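Subject: Structure for your review

Dear colleague,

Please find below the structure that I am handing over to you. My notes on helix packing and salt bridges follow it.

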Amino acid sequence: MSSPLAQKIKALIRATGPISVTDYFSMCLADPRYGYYRTREPFGTAGDFITAPEISQLFGEMVGIFMVHAWQRHGSPSGVQLVEVGPGRGTMMADMLRVISRLSPQMFDDMTVHLVETSERLRGIQRVTLEAYSTKVQWHDSFENVSDGFTLIAANELFDAIPIRQFVKTPTGFRERLVGLDADDELTFTVGVATLDPQILPAGAPPPDGTIFELAPARQAVMLALCERLRQSGGTALIIDYGHMVTGFGDTLQALRAHEYDPPLAHPGEADLTSHVDFEDLARVAVGAGVHLNGGLRQGDFLYGLGLAERAAALARDKEPAAQKLVAAAVDRLAGEGAGKMGELFKVIAVSSPALDLTPFRPVG
């Protein structure tokens with residue numbers, strides 16, 4: 001039995017023809033009635049995936065340390081706006097605020113907190129998580145609604161949920177990949193007429209037919225908005241996501257359902273849909289926008305560079321052996337390398353205006 005959203009998408013395709021991967025991705029996540037983020041509890045053990053802040057408080061604490069460091073490098077300005085775009089359950093922000101209040105009461109006392117969240121349901125959860133800081137927190141439907149002023153921005157697993165376009169190599173060049181219907185009235189991938197400027201493809205010999213190339217104009221637009229705000233008001237944005245540091249070919253569209261990979265067309269609205277983030281592309285946007293790039297670390301190197309090992313040791317001290325094991329397992333999952341571990345799969349960049357070199361990134365040049 002196909003999902004209600006599958007029925008809606010099929011009816012749309014019958015009426016108007018195949019739809020783009022972008023439109024399919026958007027409907028799966030954000031359809032007002034059946035979209036995944038409207039109907040599900042995506043985060044945590046009961047959801048379809050677990051984000052880094054849900055694994056351990058250590059993750060948000062390291063991000064909090066980074067924010068204090070960035071603020072100090074900027075000259076400790078007053079009136080800081082700490083912004084998180086796509087704050088999930090509010091877990092990371094709670095962990096960040098606890099550390100900031102401890103490390104820098106001056107920064108904390110003077111700071112306002114801004115959560116950019118479109119889901120009413122998630123806002124309700126965030127209110128509960130951040131109850132202790134309720135006088136500081138404001139919610140916004142869009143980043144544009146956050147007022148001007150010095151801004152520190154955190155975006156963890158934001159970009160992977162922003163829809164992409166896909167193009168597929170055919171004998172006549174790259175054509176846009178669409179979602180249509182097969183002979184059995186099931187959703188299937190097909191090819192449209194839109195083509196791709198060959199100049200934007202990675203250098204080298206043309207790939208074989210059937211090769212996928214992904215473009216993400218919607219991600220570029222979000223990145224540009226963040227960079228323009230920093231250039232105008234000053235500040236730093238930290239971006240952490242699942243992805244690759246070098247633009248390349250490949251189909252990274254994936255669905256997660258009950259912690260298992262699911263074919264992307266199998267259960268629209270009932271699985272979380274993401275694709276890998278092209279960090280080289282985001283970096284190009286940032287440099288083009290005139291902000292300074294601190295770039296390219298694996299999540300493990302970023303966390304260890306901020307003192308993850310020392311903090312984990314302090315957290316495990318005086319605990320029962322079972323609790324110590326849990327801390328060690330969380331560190332391994334967040335910062336380790338190999339299958340299923342975030343340390344290698346997730347990448348981190350930071351962008352700043354004015355130009356600053358920030359720990360633990362290596363200075364460029």
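How are α5 and α6 oriented to each other? In this predicted model, helix α5 (residues 57-73) and helix α6 (residues 91-103) pack at an angle of about 50°, and the two are therefore oblique to each other. The class applies because an angle of about 50° falls neither under 35 degrees, which would count as roughly parallel, nor in the range 65 to 115, which would count as roughly perpendicular, nor over 145. The axes of α5 and α6 lie 7 Å apart, and α5 passes α6 in a right-handed crossing.

On the α5 side, the contact is made by Gln57, Phe59, Gly60, Glu61, Val63, Gly64, Ile65, Met67 and Val68. Helix α6 contributes Met92, Asp95, Met96, Arg98, Val99, Ile100 and Leu103. Sorted by class, the contact of α5 with α6 comprises 10 nonpolar, 3 polar and 3 charged residues.

I turn next to the salt bridges. Side chains of opposite charge can pair when their charged atoms come close. The count for this model comes to 18 salt bridges, and three of them are described here.

Within helix α6, the side chains of Asp95 and Arg98 meet in a salt bridge, with an N to O distance of 3.0 Å. Asp95 and Arg98 are 3 residues apart in the helix, so about one helical turn separates them. Asp95 counts as buried because its relative accessibility is 8%, under the cut-off of 20%. Arg98, by contrast, is partly exposed, with a relative accessible area of 27%.

A second salt bridge joins Arg123 to Asp141, the closest N and O atoms being 2.8 Å apart. Arg123 belongs to helix α8 (residues 120-129) and Asp141 to the loop between β4 (137-140) and β5 (151-156), so this pair ties together parts that are 18 residues apart in sequence. Arg123 is buried, at a relative accessible area of 9%.

Another pair is formed by Arg177 and Asp251, whose closest N and O atoms are 3.2 Å apart. This salt bridge links distant parts of the chain: Arg177 is in strand β7 (residues 173-181), while Asp251 is in the loop between β10 (235-244) and β11 (254-257), 74 residues apart. Arg177 counts as buried at 12% relative accessibility, whereas Asp251, at 40%, counts as partly exposed.

Finally, salt bridges that share partners join Glu61, Asp95, Arg98 and Arg311 into one network. Of these residues, Glu61 of α5 and Asp95 and Arg98 of α6 also take part in the helix contact described above.

With kind regards

Technical notes
Residues numbered from 1 in each chain as written. Predicted model: local features only at pLDDT ≥ 70, side-chain atom pairs only at ≥ 80, totals over all residues. Heavy atoms only, no water. Axes fitted to C-alpha atoms, helices over the stretch in contact; angles between N-to-C directions. Helix = DSSP H or I, 4+ residues; strand = E, 2+ residues; numbered from the N terminus. Left-handed = near helix turned anticlockwise from the far one by under 90°. Contact = heavy atoms within 4.5 Å. Nonpolar A, V, L, I, M, F, W, Y, C, P; charged D, E, K, R; others polar. Salt bridge = Lys/Arg side-chain N within 4 Å of Asp/Glu carboxyl O. Buried < 20%, exposed > 50% of the residue type's maximum accessible area, 1.4 Å probe, protein only.
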